[in-house]
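Biologist: I have the sequence and the model open side by side, and I'd like to go through the packing with you. Can you pull it up?

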Amino acid sequence: MPSHPFDPGYAQEPFRSLCEDYPGEETYPAGDFRVEWGPVFHRGRLDGSARVLVVGQDPAQHEVVTRRILVGAAGQRTQGFLARLGIDSSYVMVNAFLYSVFGQGGGERHAGDPAIAAYRNRWLDALLVDSDVEAVVALGRLAELAFQAWKDSPAGQGVDVTFQRITHPTAPESAAGGDPERYAEAVRSMLSNWNAGLERLRPAIRHPDVDRDLRPYGEALTDAD
């Protein structure tokens, strides 16, 4: 097994200060966010080795337990997507929202909140300004809005990075409502969208962890995905 150098994580600046000085209920209203669960900041490399930044939506129960984002089904499918780009470990992930959202409506109501964006933009500044990140992947609409809000900021305007929005990894579960046929169709639609995203992103990844031939998805998710 290959070894990987230790990532110091939140011990280093600016991430240490970001984790000490984070917004609470004054910014994230308790009626729309589970602030009592606490903030969940990120997942992945903070040591400058990340080549891909993934922007997700908000932490769910699995993430709150592990204190890292995108570790449940959505995270596992995202890792499978990154692996097709040759990225096994050189990634970093942050969410549009620091706290778990009460349903999609809660996120939609606060998608443009300046105070939420101001703190999130400090993370994106730290991860993207003068960094080696080659591509940004947004999981769904709210993640795209979060990234575009940063891209419109003074710091964001100075960063040239390939960007791609893809369908959120658990969108099929949300769309199907328990109906197997609707789920299968939603998965096919998602994987078609992901294949288009892979085609656009692959040329941007100039320094993958592993140089793999691009292998598109089929029409259904497999255990390996």
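Biologist: Is tyrosine 28 buried or exposed?

Modeller: Tyrosine 28 counts as buried, at 1% relative accessibility, and since this is a predicted model, please take that as a computed value.

Biologist: And phenylalanine 33, buried or exposed?

Modeller: Phenylalanine 33 is buried as well, with a relative accessible area of 0%.

Biologist: How do the rings of those two sit, edge-to-face or stacked?

Modeller: The ring centres of tyrosine 28 and phenylalanine 33 are 4.8 Å apart and the planes stand at 90°, so the pair is edge-to-face.

Biologist: How many aromatic pairs are there in the whole structure?

Modeller: The search of the whole structure finds 12, and one of them is the edge-to-face pair of tyrosine 10 and phenylalanine 41, with 5.8 Å from centre to centre and 70° between the planes. Tyrosine 10 belongs to the segment before helix 1 while phenylalanine 41 belongs to the loop between helix 1 and strand 1, so this pair ties together parts that are 31 residues apart in sequence.

Biologist: Which of the two is buried, and which is partly exposed?

Modeller: Phenylalanine 41 is the buried one, with a relative accessible area of 12%, whereas tyrosine 10 is partly exposed at 21%, because the cut-off for buried is under 20%.

Biologist: Which residues make up the aromatic cluster around there?

Modeller: One cluster is formed by Tyr10, Phe15, Tyr22, Phe41 and Trp123. Tryptophan 123 also touches residues outside that set, and if we leave out residues up to four places away in sequence, its contacts are Tyr10, Phe15, Leu18, Cys19, Phe41, His42, Leu46 and Val94.

Biologist: OK, on to the core. Which residues have the most contacts inside the largest one?

Modeller: Those are Leu53 and Trp123, in a nonpolar core of 35 residues. The elements giving two or more residues to this core are helix 1, strand 2, strand 3, helix 5, strand 4 and helix 6, and helix 5 gives the most, with 6 residues. There is also a second, separate core of 25 residues, which includes Val52, Leu85, Ala135 and Leu139.

Biologist: What do the buried residues of helix 5 pack against?

Modeller: They pack against helix 1, strand 2, strand 3, strand 4 and helix 6, and among the buried residues of helix 5 are Ile116, Tyr119, Arg120, Trp123 and Leu127. Helix 5 has 15 residues and reaches 20 Å from its first C-alpha to its last, close to the 21 Å expected.

Biologist: What happens just after helix 5?

Modeller: Aspartate 130 takes a positive phi there, of about 55°. This aspartate lies in the loop between helix 5 and strand 4, and it is exposed, with a relative accessible area of 82%.

Biologist: Where does leucine 70 lie, and what is its phi?

Modeller: Leucine 70 lies in the loop between helix 2 and helix 3, and its phi is also positive, near 55°. Unlike exposed aspartate 130, leucine 70 is buried, with a relative accessible area of 6%. Most residues other than glycine have a negative phi, and most peptide bonds are trans.

Biologist: Which residues does the cis peptide bond join?

Modeller: The cis bond joins glutamate 13 and proline 14, with omega at about 5°, and proline 14 is found in the segment before helix 1.

Biologist: Switching to helix 3, what does threonine 78 touch?

Modeller: Threonine 78, which lies in helix 3, touches Val54, Met93, Leu139 and Pro169, not counting residues up to four places away in sequence, and it is buried at 4% relative accessible area. Arg84, another buried residue of that helix, lies over the face of tyrosine 217, at 3.7 Å from the ring centre.

Biologist: Last one: what does the side chain of asparagine 95 reach?

Modeller: It reaches the backbone nitrogen of glutamine 57, at 3.1 Å. Asparagine 95 has its place in strand 3 and counts as buried, at 8% relative accessibility. Its C-alpha is separated by 4.4 Å from that of glycine 56, although the two residues are 39 apart along the chain, and beyond its neighbours within four places in sequence its contacts include Gly56, Asp58, Ile69 and Arg120.

Terms used:
Residues numbered from 1 in each chain as written. Predicted model: local features only at pLDDT ≥ 70, side-chain atom pairs only at ≥ 80, totals over all residues. Heavy atoms only, no water. Core = buried A, V, L, I, M, F, W, Y, C linked by side-chain atoms within 4.5 Å. Buried < 20%, exposed > 50% of the residue type's maximum accessible area, 1.4 Å probe, protein only. Helix = DSSP H or I, 4+ residues; strand = E, 2+ residues; numbered from the N terminus. Contact = heavy atoms within 4.5 Å. Polar contact = N/O pair within 3.5 Å; in protein donor to acceptor, adjacent residues only side chain to side chain. Phe/Tyr/Trp six-rings, centres within 6.5 Å; stacked < 30°, edge-to-face > 60°. Lys NZ or Arg CZ within 6 Å of the ring centre and 35° of its normal. Expected span 1.5 Å × (residues − 1).
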